[in-house]
Amino acid sequence: MAPFQRRRDCRWRVLFCFLLGILGNTEATQIRYSVPEEMEKGSFVGDVAKDLGLESWELEERGVRIVSRGKKQHFALNIRSGSLVTADRIDREELCTQSTQCRLNFNVLVEDKVKLFAVEVEITDVNDNVPKFQIGQVEVKITEAAAPGMRFPLPEAFDPDVGMNSLQGYELSSNQHFSLLVQSRADGAKYPELVLERALDREEKSVHHLILTASDGGDPVHSGTVQVRVTVLDANDNAPVFTQSLYSMSIPENVPRGTLLLTVNATDPDEGVNGEVTYSFRRQNEKKLQIFHVNAKTGEITTTGDLDYEKSNFYEIEIQAEDGDGFLARAKVLVTVLDLNDNSPEVTITSLFSPVTENSPPGTIIALLNVHDRDSGENGFVTCSVSENLPFKLEKSIDSYHRLVTERVLDREKVSAYNITVTAIDQGTPPLSIDTWIFLQVADTNDNPPIFGQASYSAYIEENNIRGASIYSVSACDPDIEENSHVTYSIEEDIFQEVPLSSYISINSENGIIYALRSFDYEQFRDLQLRVTARDSGNPSLSSNVSLTLFILDQNDNAPEILYPALPTDGSTGVELAPRSAEPGYLVTKVVAVDGDSGQNAWLFYHLLKVTEPGLFSVGLHTGEIRTARAFMDKDALKQSLVVVVSDKGDPPLSTTIVVTVALADSIPEILSDLSQETSSDLEDSSLTLYLVIAVASVSSLFFAFIIVVLALRIWKWRNSQLIGSGSDHLGGVPASQFMGIDGVQAFLQTYSHEVSLTTDSQKSHLIFPQPNYADTLLSQHSCEKSKPFLVPEDSRGSIHDPPLALQAPPNTDWRFSQAQRPGTSGSQNGDEGGTWPNNQFDTEMLQAMILASANEAADGSSTLGGGAGTMGLSARYGPQFTLQHVPDYRQNVYIPGSTATLANAAGKRDGKAPAGGNGNKKKSGKKEKK
């Protein structure tokens with residue numbers, strides 16, 4: 001029942017305070033409420049919506065909110081009901097300690113009007129704390145010699161409540177020797193003292209037990225007790241005495257820890273233990289006194305914590321001195337903390353409106369700032385400023401709020417964003433300042449139309465352009481951004497040559513490229529004028545236009561047109577008359593031509609392309625006049641055909657031809673008779689021309705047939721040589737540089753190969769040497785300067801990149817005949833070597849014929865060159881048992897035409913041996929062969 005009664009009393013008290021706040025609110029921007037402490041979270045405090053003149057639903061719409069300087073917020077706005085409620089459980093003793101009045105101040109911001117309302121809530125005290133003693137038992141020592149009336153201090157009880165709920169009095173349990181005296185200090189605090197009413201007798205009773213009770217004035221009353229143990233001592237009739245009852249001092253807030261504040265002193269006239277004094281703080285449990293320390297022996301008071309003027313600027317310390325027998329003395333120490341400028345100003349951005357449109361009027365609010373300095377006096381007086389070169393200024397609002405507003409109209413195209421520095425500086429010594437940066441973006445508005453790069457444009461395009469090809473482009477820029485800068489292009493509609501302009505050209509709306517929709521003709525129109533419009537995508541959109549002139553350039557697209565002489569329409573040929581008696585320079589006729597082009601494309605030149613009688617007529621280069629160049633003669637044909645070409649000076653030039661027929665006669669009947677005679681002669685000439693054409697065609701056919709036959713024979717021979725070369729194992733690996741061409745056939749020229757001699761009666765081939773020294777050519781392949789063989793097909797040549805071939809083994813020298821086997825003066829017939837020489841002349845001539853035939857076959861490529869060493873291919877024809885060992889050596893009698901060397905001589909040089917017959921024999925043999 002008691003808690004319910006207490007809760008109801010609290011509600012009535014809250015309602016009463018609320019009514020007083022409404023009735024007493026005379027200022028438009030000051031709202032006061034009152035609420036008891038220890039209310040539940042969400043408890044009603046006041047109707048803010050009603051006091052602001054708003055409906056509850058308007059709070060959220062207008063952005064009503066609570067703003068503070070970063071402190072813990074104990075209240076909240078209920079948007080639904082429009083009331084102010086508690087944000088948590090409020091403890092008055094924690095917020096305001098034992099202050100008589102406990103008020104919490106904050107501001108309510110109506111954001112749409114940027115208007116602030118100061119709100120003050122008073123926290124009323126409830127009796128929620130019990131008076132407590134710091135110790136549960138205290139011992140008081142009293143000498144038996146103490147006189148009645150002496151007073152002894154007792155411990156004080158502490159109650160954090162205020163007013164009637166705080167500590168109101170003390171009571172002492174009943175006894176015979178002591179009474180209780182309650183005294184009050186200057187601040188109203190009460191403290192108890194034990195008064196001796198009757199003298200003590202230690203021998204009668206040495207210890208007395210008492211109970212001290214402390215009670216408050218709340219409803220219901222709360223109380224606390226402490227046990228007092230009185231010990232009777234032997235006589236000690238003097239208590240310590242301080243030299244001063246009150247000590248005071250001032251100290252700056254920035255002193256370091258351990259700083260000596262002052263030294264207190266108390267004396268006791270007693271001797272021994274009774275005269276020894278110890279110092280201590282009377283209320284050591286207080287939190288604010290924990291930053292001080294007193295030396296129990298010396299009485300020196302020092303700091304153990306940091307002093308902060310902003311937390312507490314005044315301290316009252318009670319110090320006591322106690323002797324050995326427990327006599328006490330008390331004194332007060334008052335410490336005043338001096339403020340220093342040790343706190344920089346603080347700037348809090350309460351609201352920021354960014355971005356701001358560039359067309360905002362001067363005075364537009366950019367931000368709402370709260371400026372605060374925790375120092376006091378001049379140290380806490382703050383002034384704010386912004387840079388003078390910026391279009392902004394600060395205006396003072398209520399309390400410590402400032403508004404940052406525009407001073408003039410902004411232009412985003414000049415400055416798109418501002419970095420605003422707000423400087424707050426206090427008036428301390430030295431002054432402290434702080435800079436706060438506000439980044440403000442300027443929003444774009446469509447206030448700039450597109451701008452072309454030129455006031456007008458001119459473009460030149462050649463006629464006969466391709467349809468759909470781009471011919472020009474225009475560009476416009478818009479200094480705005482995003483949609484406001486997106487430019488589209490269009491062409492103003494107009495009529496040109498009774499046709500809409502849009503049928504001639506079009507423009508790309510995105511990039512401004514202009515396209516030709518048709519092929520332009522310089523001969524139809526020479527320029528085209530239009531207006532191009534550039535429009536942005538802003539709202540509303542802005543536009544600008546520019547004139548564009550397209551000049552058509554002429555091309556040489558018209559050939560000259562001959563006006564005279566005009567071609568007859570009936571199919572007949574016009575004839576110009578020229579009398580035979582005409583003198584040189586006689587004007588026969590004039591060719592008249594025009595050109596549809598202009599400029600040099602229309603300059604015309606006249607030339608004679610073909611005439612019947614060269615040199616008879618001439619034509620004027622620029623006039624086209626056909627005149628006689630000489631006098632007519634009898635041999636001149638009656639009918640003269642002149643082919644006149646008319647060309648212009650274009651690039652490339654165009655031309656037109658016309659055939660002008662001139663009749664050499666003085667009258668028309670004369671023309672007719674002469675024409676009939678010339679007709680018969682023309683027929684004869686035409687028949688002769690036909691025969692000539694037939695003859696030329698026949699000769700050409702025979703020539704082509706001959707070429708085909710020759711090519712076929714060449715291919716056939718090359719094929720045979722390939723077949724022979726594929727069957728030879730020894731010559732297949734020899735490089736092509738070791739061969740010399742003999743009429744398309746490869747002949748082996750190595751010194752150890754079969755040597756060939758060509759006689760004068762050879763009908764198949766002949767040998768071509770690169771230099772006149774034929775003997776040297778046959779002796780060594782390295783004497784020839786040319787590396788390529790003569791008349792050798794490309795596919796039969798060895799590559800220069802081919803790997804080196806294995807060296808061929810030198811031929812067997814057993815095939816040579818000894819001197820005894822050689823006929824004539826070359827040697828004797830001793831017959832010391834094997835082999836039989838033919839006995840008669842017929843066999844000798846037959847063998848010689850076989851040798852020559854073998855040489856011819858080697859030249860033709862028909863014999864097998866790899867038939868074995870020393871056989872010269874004869875073994876293929878006569879069998880493997882037949883070798884040249886059985887054949888006399890006739891090489892010394894076979895010579896090379898154009899040289900003094902013989903085959904025997906060449907072989908001797910190759911083998912490193914001198915020929916058997918000597919040089920004289922070579923010369924004689926050569927002479928005989930020549931004969």
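**Legends to close-up views of a predicted model**

**Figure 1. Overview of the protein.** Among contacts in the protein between residues at least 6 apart in sequence, 65% join residues at least 24 apart. The model shown here and in the following views is predicted. Its secondary structure consists of 10 helices and 55 strands. The protein has 931 residues, of which 39% count as buried. Its accessible surface comes to about 52,400 Å², and carbon and sulfur atoms account for 53% of that area.

**Figure 2. Strand β44 and its pairing with β35 and β43.** Strands of a sheet pair through backbone hydrogen bonds, either parallel or antiparallel. Strand β44, residues 543-553, runs parallel to strand β35, residues 456-462, and seven bridges join the two. Within this pairing, E462 stands opposite L553 of β44. Strand β43, residues 527-536, is antiparallel to β44, and nine bridges link them. Here L528 faces L550 of β44 as its opposite residue. The connection from β43 to β44 is a hairpin that passes through six residues. Strand β44 thus appears in a parallel pairing with β35 and in an antiparallel pairing with β43.

**Figure 3. An open sheet of three strands.** The strands of this sheet follow the order β10-β14-β13, and their pairing is antiparallel. At the edges are β10 (151-153) and β13 (178-184), each of which pairs on one side only. From one strand to the next, the twist averages 35°.

**Figure 4. The pairing of β13 with β14.** This view shows one pairing from the sheet of the previous figure. Strand β14 comprises residues 190-196 and pairs with β13 in the antiparallel sense over seven bridges. One residue pair can be located by name: Q183 has Y191, in β14, as its bridge partner. Strand β13, which spans 178-184, is an edge strand of the sheet.

**Figure 5. A nonpolar surface patch that includes I707.** Eight side chains are listed in turn: F703, F704, F706, I707, V710, L711, I715 and W718 make a nonpolar surface patch of about 790 Å². Of these residues, I707 is found in helix α5, which covers residues 668-726. I707 has a relative accessible area of 34% and is therefore classed as partly exposed, since that class lies between the limits of 20% for buried and 50% for exposed residues. Membership of a patch requires over 30% relative accessible area, a condition that I707 meets with its 34%.

Terms used:
Residues are numbered from 1 along each chain as its sequence is written. This is a predicted model: local features need pLDDT of at least 70, side-chain atom pairs count only at pLDDT 80 or more; totals for chains, interfaces and linings use all residues. Side-chain values use heavy atoms; hydrogens and water are left out. Two strands pair if DSSP finds at least two bridges between them. Helices (H or I, at least four residues) and strands (E, at least two) are DSSP runs, numbered from the N terminus. Axes are lines fitted to C-alpha atoms, for helices over the stretch in contact, and angles run from 0 to 180 degrees between N-to-C directions. Patches are made of residues with over 30% relative accessible area and no salt bridge: like charges are joined within 9 Å, nonpolar side chains (Val, Leu, Ile, Met, Phe, Trp, Tyr) within 5 Å. Accessible areas come from the Shrake-Rupley method with a 1.4 Å probe; for residues, only the protein chains shown count as cover. A salt bridge is a side-chain nitrogen of Lys or Arg within 4 Å of a carboxyl oxygen of Asp or Glu. Buried means under 20% relative accessible area, exposed over 50%, partly exposed in between (1.4 Å probe, protein chains only). Contact means heavy atoms within 4.5 Å.
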